[in-house]
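Q: I'm new to this one and would like a close look at a single part of it. Could you pick a spot where two helices meet and walk me through it?

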Amino acid sequence: MNNFHLKVQRIEQVCLFELTWGTAQRLSTKIPYPENLTFLYQEWQRTYLSFYKTSLRGRVANSGTLQTPNPDWHAKLVQAEAKFLSEFHNWLRSSELYEIRSVITQISLLSANSQSTNINLFLTCDALELARLPWESWEICTELAFSVGKINIVRSPVNIHKSVAKQNHTRRGINRVLVILGDDTGLNFDAEKKAIQKLKRIVEIKFIGWQPGKNIDELKAELKEAIASEQGWDILLFAGHSNETRLTGGEISIAPNTTLSISEIIPLLNKALEKGLQFALFNSCNGLSIANTLIDLGLSQVAIMREPVHNKVASDFLLHFLQILAQYKDVQEALTSACQHLKLEDNLTYPSAYLIPSLFLHPEANLFCLRWGLIGDLQKKIPSKIEIIAISTLFLFFSSQLPNKMQDYLLAQRLKTQVIYRQLTGQIQAKGTPPVLLVQIDEKSLRDATKDSKLSDARQMDRKYFARIIDKLRAKGARVIGIDYLLDRYQGENDKVLAKSLQSGVNSSQSTWFVLAETNAGTGERLKVLPEIASPNWTLRGEIEVIPGYMQLLSPADKYKSPLYFSNLLAISHQLQKLESQTAITTNKKQQGVITVADTQPLQPPQPQLNSKTSFSQQIEQFLKENNLKHITSLTSPRIHLQPITEFSYYFSQMWLHPIVDFSVPPNQVYRTIPAWQLLENNNKNPAISNLENQIVIIAPGGYGEAGMSKDGEDNFNLPPAIELWRRLENPENSNEVLTGGEIHAYKVHHLLKNRIVIPIPDLWMILIAAVLGKSLYFVIQKNPRIQLQILLASGAFTAVYGVVSLQIYLSSIAVILPWFLPSLTIFLYIMPAFLRKKVNE
């Protein structure tokens, strides 16, 4: 920090101003001292004392409360103040001081471009009549504050024998405050006690002082023990009567007719300094000699009243001083703010009172402010009452349906952004054979299926058409086939034809696994596969209801129980069929820790058999339990299991940590589509479907208007922006504006096979974190207003970097969505008011 040191000496009728700064720079000038200034000061002081003639914190009257003064005294005091300050400021504006003012201005302007802290102007006056002048009102500080930030005028004694006291240990944790309440004759400390008690949530406070009937010797012993406490104090606060003395460093009145000189308690103060005392406030009269003595001892800083001060003025000053200090501002800012309050808000009631307080600062010290510490830091960041109301409102808002739509919209746009990011960074896997083949019943297939059928309901597809498709798929080697149509209504002979086709697939040399659709009706009835078509003993039954955009979760306790979800069963079937080429270590040899080739045997998953007497799903359940196959990710991945916090969020219409369907994956990596009519007409001319042994086949509606997987809902969903972008990148003329249920199932199968389970971090969680961060930045800006632009730019840069990092984390194996828009908005909503408020103040 580029501090200035200004020493003012009076030699008869001339004053010597000497300014020093930097390493060795020095500037001095002489200026006549105006005798009229002394006269005007004395006139102002007499008027001031006449106005505040009762309840002064010095050796004056000891009666009553503030009486309504003669209005003439008020007017006289206002006039006396104006004349006195006018003469004082005219003197400081004299031409002889131009160079000093110019240097302060220029150096301050240069410093403003390279530092973010305020500038201290240390003032030292060698004569008491000079020290009594209100140097804090020097207009140069007001002028510079508009251009370079605040110039703090702090006082410093002529003689300083000691450096800032070295503490024996570094104080940590909560700040400790010792409050000494002295002689209260003619005074009332109630307001001050209440103001101090408000700090209890962030500081530890101890009150000590005289009470009626207390023995003076006991009081002195208590003071001695308290000041020299081994725990130490950060702040010493005295309220009561005090006065200046020439030889003893000032005195304080601790009880009626009982005073202590500062020189008497120097040994105690030295111990307090060693234990961490950093700041003292004497909210009492005539404190110049007290401040000089304490700074000379090595205390960092002392706030005092240079003149007698009225009881109510002292109480009002302390209240506002502590309010600012509790905001973790430094003592200079707290003192200036309290003086501004007296000047702007209370000037009609307490004229001239704002001119009285001064801060003395040791040249080696930094301005004191309360430590954040663990407790203070947490309490600083704990939301205020208004913020708690706002957060509660935000929570209720997020629990309603409107924000759900907004969150769905933001999620959809985020996935679209992920598509763009994949494209820009080239993070797209090379094209290969996707795990799923979608055989779609489109409009042309529908016409072919119904031209010879008596059925008119598209949801009741002619099952002979299904049989033809299944026979064709079997011929091409398909091992896992899912039918995304309900088979709960009778079709007579058609059912027999489909049943025969299914039985042929199961009974073939390489059994085909079939996953058939089931779901719940609105009445609670289960819409099951007709027993005439297939038995659960040799087919699997999967729930086909989907949550658009989200994966379906399994209950950890019932992960093997039927019915599982359609996509899970397709993935399980595919993964189990791949076990035939793998081996497993027998249980007894594994326990012995001895493994040889002879000790291994092939894993043989159960196969569907027409003569089976037990449920095929139970057979699979038993097999999985016995072998503990952790790589069957469609069942064992922790991310597809319902977590307690996710289940809890459902009560508030939320989807906390509920995995999503990752539409940022290109569709051509997930599935290949072929219309059913084309499959049936194909004569092995299409190499892409010549061998389907390693693919999962889903027979599903292909987007026709009446397509439906259930009793009351169409199987066509709104097209996610991410899929729309992929389609346009692949074919700009693509006009398909729907996403089918079959395509959603294909994405879920892909995610289960590839273990691509993406977890979204809730917006509300990140908003709360952003609120804490934003509030912290707000405090930083408030404390260091000169760096507000840097913080704003840094926040913008951090937001951009955070956005890119969150995009990359999404694509990584971590597979987590970190919300970006709402948390970033929250941070800027916190810091912009501080930024704009500073602009308005300027």
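**Where two helices cross**

A: Sure! The crossing of helix 18 and helix 25 is right-handed. Bear in mind that this is a predicted model.

Let's start with how the pair is arranged. Two packed helices are described by the angle between their axes and the distance between the axes. Here, helix 18 covers residues 566-577 and helix 25 covers residues 741-754. Their axes come within 9 Å and cross at roughly 45°. An angle like that makes helix 18 oblique to helix 25, since it falls in neither the roughly parallel range (under 35 degrees) nor the roughly perpendicular one (65 to 115).

Now for the residues that do the touching. On the helix 18 side you'll find Phe566, Ser567, Asn568, Leu570, Ala571, His574 and Gln575. Across from them, helix 25 brings His745, Lys748, Val749, Leu752 and Leu753. Sorted by class, the contact between helix 18 and helix 25 has six nonpolar residues, five polar ones and one charged one.

If you'd like another helix to look at afterwards, try helix 10, residues 311-325. From first C-alpha to last, helix 10 reaches 21 Å, close to the 21 Å expected for its 15 residues at 1.5 Å a residue. Helix 10 is mostly covered, with twelve of its 15 residues buried. Among those buried residues are Val313, Phe317, Leu318, Phe321 and Ile324. What do the buried residues of helix 10 pack against? Their partners include helix 6 (190-197), helix 11 (331-344) and strand 14 (357-361).

Definitions and conventions: Residues are numbered from 1 along each chain as its sequence is written. This is a predicted model: local features need pLDDT of at least 70, side-chain atom pairs count only at pLDDT 80 or more; totals for chains, interfaces and linings use all residues. Side-chain values use heavy atoms; hydrogens and water are left out. Axes are lines fitted to C-alpha atoms, for helices over the stretch in contact, and angles run from 0 to 180 degrees between N-to-C directions. Helices (H or I, at least four residues) and strands (E, at least two) are DSSP runs, numbered from the N terminus. Angles under 35 degrees count as roughly parallel, over 145 as roughly antiparallel, 65 to 115 as roughly perpendicular and the rest as oblique. A crossing is left-handed if the near helix is turned anticlockwise from the far one by less than a right angle, and right-handed if clockwise. Contact means heavy atoms within 4.5 Å. Ala, Val, Leu, Ile, Met, Phe, Trp, Tyr, Cys and Pro count as nonpolar, Asp, Glu, Lys and Arg as charged, and the others, Gly among them, as polar. The expected span of a helix is 1.5 Å times one less than its number of residues. Buried means under 20% relative accessible area, exposed over 50%, partly exposed in between (1.4 Å probe, protein chains only).
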